[in-house]
Amino acid sequence: MQTNVWENLPPNFTILAPMEGVTGIIFRQVIAKAGRPDLFFTEFTNVSSFASEKGRNNALERLEITPSDAPIIAQIWGKNPEHFRILASELEGLGFAGLDINMGCPDRHVNAAGGGAAMIRTPELALDCLKQAKQATTLPVSVKTRLGYTYLDEFREWLPTILHEHPAALTVHLRTRKEMSKVPAHYELIPEITKIRAQISPTTQLIINGDIKNLQDIQNLSAKNPDVDGWMIGRGIFENPYCFTNHQVSHTDLLKLFQLHLDLFDKTSEKAQAKYGHTLSFEPLKHYFKIYINNYDGAKELRARLMECHSTEEVRRLIG
Ligand SMILES: Cc1cc2nc3c(=O)[nH]c(=O)nc-3n(C[C@H](O)[C@H](O)[C@H](O)COP(=O)(O)O)c2cc1C
């Protein structure tokens, strides 16, 4: 049995937020090269998909990891407690250091399926899924959630509900589901949240998420909130893929990372062809171009031409 990953992290540890369509196997390797956080999370995988014959291969492909990912947490979502049990029981064998249950995703389809932030409205079901996952594995089980579904003050009931089940860690994205990402994160609530954690489950690691862009932000927030254990950066990675370091990023650094991204894309696509019978779609790769080609004279024009490309070879020719 491996040691509990949450107990071996440094003070003010850092995490790259799980982001669907972004933090897959390729981008995580790019970030590992730029400067990794203390912990990675996968994009979320649906438990019922994994438990079905038809969806299992797709779920397994989403859960592929490489040595540079370690330690990494598998994030999962759904609403069927039995399916949580099935997926949880296999994650250790797949190389994960823990599993995290998504109880915060605001996506309409996810919520209509009863998962993500919809769990805030079905606390008994949420607890059942959490318990089933915990019973099925020796891996630490954590939860990522929002302050509430509709109203801000829901957190005073919702966070204690989860904390009474003593998850290994609790990540709080400091907004409600209704607020989506349209308002600033509610940092003013951190002291009350740390107090709730200390009263109900002092062993649970508390991670704060929302609008944190870089190590400087973490330093500022942690100086004011010394009881928070860890900090999670999501969209900040788009502004600076070196955000987990103090590195002064140059145009050349970003170009090298872009080339690495393209190479990893080709390699991963070849592997997917051999193992799963399909290559990777090129179009989603375009979401990343702005990270690498940005903030200099001519960047916008080059990006416009890159958006017209249909292959990594065409992109390579343009970026030189
Ligand atoms: C494109 C995108 C995809 C996301 N996918 C997930 C996900 O799969 N699981 C999850 O828990 N949160 C997901 N999130 C939410 C982020 O993990 C994070 O909570 C949110 O972006 C707030 O943090 P930030 O202000 O640092 O970006 C996603 C966010 C974005 C922008």
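**View 1. Helices α7 and α8 cross in a right-handed manner.** In this predicted model, look for helix α7 at residues 155-163 and helix α8 at residues 190-200. Their axes come within 10 Å, and the crossing angle is roughly 35°. On the α7 side, the contact is made by F155, L159, P160 and L163. Their partners on α8 are I193, I196, R197 and I200. Sorted by class, the residues of this contact are seven nonpolar and one charged, with no polar residue.

**View 2. A shell of 22 residues surrounds the ligand.** Which residues are the closest to the ligand? They are A17, M19, E20, G234 and R235, so find these five when you start exploring the view. The shell mixes all three classes of residue: eight are nonpolar, nine are polar and five are charged.

**View 3. T279 sits in the loop between α11 and α12.** To find your way, follow α11 along residues 251-276 and pick up α12 at residues 289-292; T279 has its place in the loop between them. Is T279 buried or exposed? T279 is partly exposed, because 13 other C-beta atoms lie within 10 Å, and a residue counts as exposed at 12 or fewer and as buried at 20 or more.

**View 4. T279 touches S269, A272 and Q273.** These contacts leave out residues up to four places away from T279 in sequence. For a wider look, find V172, which is 107 residues apart from T279 along the chain. The C-alpha atoms of T279 and V172 are separated by 36 Å.

Notes: Residues are numbered from 1 along each chain as its sequence is written. This is a predicted model: local features need pLDDT of at least 70, side-chain atom pairs count only at pLDDT 80 or more; totals for chains, interfaces and linings use all residues. A residue is near a molecule or strand if its C-beta atom, placed from the backbone, lies within 6 Å of it. Ala, Val, Leu, Ile, Met, Phe, Trp, Tyr, Cys and Pro count as nonpolar, Asp, Glu, Lys and Arg as charged, and the others, Gly among them, as polar. Helices (H or I, at least four residues) and strands (E, at least two) are DSSP runs, numbered from the N terminus. Two residues are in contact if their C-beta atoms, placed from the backbone, lie within 7 Å. Axes are lines fitted to C-alpha atoms, for helices over the stretch in contact, and angles run from 0 to 180 degrees between N-to-C directions. A crossing is left-handed if the near helix is turned anticlockwise from the far one by less than a right angle, and right-handed if clockwise.
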